[in-house]
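Thank you for making time for this. I would like to walk you through one chain, going from a few individual places in it to the chain as a whole.

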Amino acid sequence: MRGIYNATAGMLNSFAELNSISNNLANLNTVGYKKDFNLFKSVYEKEIRSYQNAQEKGEPIGNIYSSVVLDEVIPNLEQGPLVETSGKLDFAIEGDGFFKIERNGNYFYTRNGEFSLSPENYLVTKSGDYVLDEENNPIIVDLDNFFVDEEGNISGTNTRLNILNVENLNKYGENYFTGEEIGQADNFNMRQGFLESSNVDALNEMIKMIEANRKFDILQRAVSTGDSLNAKLIEITSNF
């Protein structure tokens, strides 16, 4: 049975890989998207539980020894390619940092600089959330004279886009992050009229998907073989 448990753990890891790869490919054309990366860890002993009876904690059915399990899914923050749009409300951060966004009193961070104007002429995301300045205030835009330099300063005003370094990032929804601010970013260039594309490499993700599928199939056959051997063993011993 231990061999079946170990093979099943491997199947779960392959399934987690396939989930991340599928999510990455689904966001291939999402502006500012950062691909998911799975981190695994080794464990000496892990309890296996059955959830067939819809129990919240499940029923213990055995242990896996010296196994590898999914630890966490983290974003890969590599720079995505920049695409020129010439739009006055399109921005790309070339380098470090995140735009700071406010939604219903909550703060989020994003690399998606595809902005628009609210009916009140505030700079907002496509979801209608406010883009903030360094004082954490919404930004009013005069579109006829709206130019932003490489440091994020808005021409004709004392306003600067709030570009922050953030750590302990967690994804929130499709393209936002939560995390802990660690200060203003300074290693960046603000590019008006550009957007940062997703950093997903479609070819590389397809190769990883094929590899994960192969691993899953091999481990699935190992489980079936182990189950058949156990059934045969039970049949033999029952005749004594």
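**From one loop outwards**

Let me begin with Val200, which sits in the loop between S13 and H2. Please keep in mind throughout that what you see is a predicted model. With a relative accessibility of 10%, Val200 counts as buried, and if we set aside the neighbours within four places in sequence, the residues in contact with Val200 are Asn24, Leu28, Tyr33, Lys35 and Glu205. Of these, Lys35 deserves a pause, since Val200 and Lys35 are 165 residues apart along the chain, while their C-alpha atoms are separated by 5.8 Å.

Another residue on that list, Glu205, takes us into helix H2, which covers residues 202-238. Glu205 is buried, because its relative accessibility is 0%, and its side chain meets that of Lys208 in a salt bridge, at 3.3 Å from N to O. The two residues are 3 apart within H2, so about one helical turn separates them. Lys208, for its part, has a relative accessibility of 26% and therefore counts as partly exposed.

That brings me to the salt bridges in general, of which the model has 9. Which residues are linked in a network of salt bridges? They are Lys34, Arg111 and Glu196, and I will take the two pairs in turn. In the pair of Lys34 with Glu196, the closest N and O atoms are 2.5 Å apart. Lys34 belongs to the loop between H1 and S1, whereas Glu196 is in strand S13, residues 194-196, so this salt bridge ties together parts that are 162 residues apart in sequence. In the pair of Arg111 with Glu196, the distance from N to O is 2.9 Å. Since Arg111 lies in the loop between S6 and strand S7 (115-117) and Glu196 in strand S13, that pair ties together parts 85 residues apart in sequence. As for their surroundings, Lys34 and Glu196 are both buried, and the same holds for Arg111 together with Glu196.

Staying with the loop between helix H1 (2-26) and strand S1 (36-50), we also find Thr30 there. Is Thr30 buried or exposed? Its relative accessibility is 14%, so it counts as buried. The side chain of Thr30 makes a polar contact with the side chain of Asn27, at 3.0 Å, and, not counting residues up to four places away in sequence, Thr30 touches Glu174, Asn175, Ser197 and Ser198.

Let me now turn to a second loop, the one between strand S9 (130-131) and strand S10 (163-172), where Thr159 is located. Thr159 has a relative accessible area of 22% and is therefore partly exposed. Apart from neighbours within four places in sequence, Thr159 is in contact with Asp133, Ile139, Gly152, Asn153 and Ile154. For Ile139, which is 20 residues away from Thr159 in sequence, the C-alpha to C-alpha distance is 8.0 Å.

For an example of strand pairing, please look at strand S5, residues 98-103, and strand S6, residues 106-110, which pair in the antiparallel sense over 5 bridges. Within this pairing, Glu102 stands opposite Tyr107 in S6. The two strands form a hairpin with 2 residues between them, and Asn104, in the turn, has a positive phi of about 50°.

On the surface, I would point to a nonpolar patch formed by Phe40, Val68, Leu70 and Val73, which together have about 290 Å² of accessible area. Strand S2, residues 59-75, gives the most to this patch, with 3 residues. Val68 lies in S2, and with a relative accessibility of 41% Val68 counts as partly exposed.

I will finish with the chain as a whole, which has 2 helices and 13 strands. Of its 240 residues, 37% are buried, and the chain exposes about 14,100 Å², with carbon and sulfur atoms supplying 49% of that area. Among the contacts with a separation of 6 or more, 65% come from residues 24 or more positions apart, and two of the pairs I described are examples of such separation along the chain, namely Val200 with Lys35 at 165 residues and Lys34 with Glu196 at 162 residues.

Notes:
Residues numbered from 1 in each chain as written. Predicted model: local features only at pLDDT ≥ 70, side-chain atom pairs only at ≥ 80, totals over all residues. Heavy atoms only, no water. Patch = residues over 30% accessible without salt bridge, like charges linked within 9 Å, V, L, I, M, F, W, Y side chains within 5 Å. Areas by Shrake-Rupley, 256 points an atom, 1.4 Å probe, with all protein chains shown as cover. Salt bridge = Lys/Arg side-chain N within 4 Å of Asp/Glu carboxyl O. Helix = DSSP H or I, 4+ residues; strand = E, 2+ residues; numbered from the N terminus. Buried < 20%, exposed > 50% of the residue type's maximum accessible area, 1.4 Å probe, protein only. Polar contact = N/O pair within 3.5 Å; in protein donor to acceptor, adjacent residues only side chain to side chain. Contact = heavy atoms within 4.5 Å. Pairing = 2+ DSSP bridges.
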